[in-house]
Amino acid sequence: MAGLLLGLLALMLSACDDDFDQAQASVDNVPVLRIACETTLAHPIAILARQFEDETGTHVVVTTGTSRTLYEGLKANRDGDLYLPVSLFYRDDTVADGLLGEARRIGFNVAALIVLKGNPNGIAPSLEALADPSKTVVIASPEASSIGQETRRILSRRGLYEAVTANATVSETDSRGLMRALLDGSADVILNWRGAAFTPGVRERVDVIDLDLDVAVPKTLALNLLTVSRQPERARQFMDLAASPRGQAILREFGFLDTGGHGFGE
């Protein structure tokens with residue numbers, strides 16, 4: 001519990017706090033490891049970061065945001081050690097830039113239907129529920145976020161995208177915005193990254209309706225070592241921690257599938 005609280009505290013630090021911490025670490029000759037992390041993965045990575053700090057004496061700074069925004073910042077600044085996007089798409093789409101070096105798979109992200117605890121609105125366990133005109137549905141725009149892109153892919157493969165967009169409110173939002181819509185009653189059901197349902201303060205209020213994995217295909221999560229890293233060996237140590245049985249257990253706890261594809265029902 002103490003590690004979780006420390007992880008949550010780290011997520012609330014402002015950019016100014018991060019700058020201060022890095023400056024202080026430099027004065028104290030403490031090595032600094034900088035991780036650019038997709039928001040959906042922020043909580044498990046924060047917990048791993050605190051454990052890594054305790055065990056190695058390294059100060060870890062975790063910056064969160066959308067995968068695209070984080071990458072553009074890394075590309076502009078040419079500064080950082082590790083990059084964790086929401087899927088391999090962001091590596092495949094950018095590897096030609098030469099910024100991303102070796103990668104380590106640490107698990108899988110997957111989309112799921114998410115409803116309020118106890119499913120009070122009687123949402124059926126299928127994608128067709130998103131096209132049910134008796135239900136209030138919110139989906140993310142593919143132009144706004146990775147979950148919007150994944151929503152379009154999943155629904156298009158099933159021939160449902162037009163029907164769902166006609167029935168739903170299409171929101172220019174990300175995973176957190178979708179969850180807010182569900183929790184404030186603006187939606188009866190959302191299609192979101194599964195991990196979004198396992199964050200503290202949310203997991204107690206929602207249920208996940210998992211889809212068949214041939215419908216919602218798992219997306220590989222990989223930590224990418226930046227070619228400009230000042231701490232490549234420490235970055236590799238962190239990659240090892242995330243891929244270790246301990247790291248895998250933490251990822252499963254927050255709704256992600258481990259490298260063996262396990263995680264449902266845990």
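In this predicted model, helix α9 meets helix α10 through a small set of named residues. On the α9 side they are Leu-241, Ala-242 and Ala-243. On the α10 side they are Pro-245, Arg-246, Gly-247, Gln-248 and Leu-251. By type, the contact divides into five nonpolar residues, two polar and one charged. The axes of α9 and α10 come within 4 Å and cross at roughly 60°. An angle of roughly 60° falls outside the range of 65 to 115 degrees that counts as roughly perpendicular. That makes α9 oblique to α10.

Helix α10 (residues 245–253) also packs against helix α3 (residues 42–56). Here the angle is about 150°, and the axes lie 9 Å apart. Angles over 145 degrees count as roughly antiparallel, so α3 is roughly antiparallel to α10. The crossing of α3 past α10 is right-handed. Helix α3 contributes Pro-44, Ile-47, Leu-48, Gln-51 and Glu-55 to the contact. Helix α10 contributes Arg-246, Gly-247, Ile-250 and Leu-251. This contact holds five nonpolar, two polar and two charged residues.

Now the sheets. Strands of a sheet pair through backbone hydrogen bonds, either parallel or antiparallel.

One open sheet has five strands in the order β2-β1-β3-β10-β4, with mixed pairing. Its edge strands are β2 (59–65) and β4 (100–109), each pairing on one side only. From one strand to the next, the twist averages 20°. Strands β4 and β10 (residues 219–226) run antiparallel and are joined by seven bridges. One of the residue pairs is Arg-105 with its bridge partner Ala-222 in β10. Helix α9 (residues 232–243) packs on this sheet and touches β1, β3, β4 and β10. Helix α4 (residues 67–77) lies across β1 (32–38), β2, β3 (82–84), β4 and β10.

Another open sheet of five strands runs in the order β7-β6-β8-β5-β9, again with mixed pairing. Its edges are β7 (169–171) and β9 (206–209), and each of them pairs on one side only. The twist here averages 35° from one strand to the next. Four bridges join β5 (residues 111–116) to β8 (residues 189–193), and these strands run antiparallel. Within this pair, Ala-111 stands opposite Trp-193 in β8. Helix α6 (residues 146–157) packs on the sheet, touching β5, β6 (137–140) and β8. Helix α8 (residues 175–183) packs on it too, with contacts to β5, β6, β8 and β9.

The table lists how each of these helices is directed relative to a strand.

| Helix | Strand compared | Angle |
|---|---|---|
| α4 (residues 67–77) | β1 (32–38) | about 145° |
| α9 (residues 232–243) | β4 | about 15° |
| α6 (residues 146–157) | β8 | about 110° |
| α8 (residues 175–183) | β8 | about 155° |

Finally, confidence. The protein chain has a mean pLDDT of 88. A pLDDT of 70 or more is reached by 88% of its residues. Residues 1–17 are a stretch where pLDDT stays under 50. For that stretch, the model has 17 contacts beyond four places in sequence.

Definitions and conventions. Residues numbered from 1 in each chain as written. Predicted model: local features only at pLDDT ≥ 70, side-chain atom pairs only at ≥ 80, totals over all residues. Heavy atoms only, no water. Pairing = 2+ DSSP bridges. Helix = DSSP H or I, 4+ residues; strand = E, 2+ residues; numbered from the N terminus. Axes fitted to C-alpha atoms, helices over the stretch in contact; angles between N-to-C directions. Contact = heavy atoms within 4.5 Å. Parallel < 35°, antiparallel > 145°, perpendicular 65-115°, else oblique. Left-handed = near helix turned anticlockwise from the far one by under 90°. Nonpolar A, V, L, I, M, F, W, Y, C, P; charged D, E, K, R; others polar. pLDDT = per-residue confidence, 0-100.
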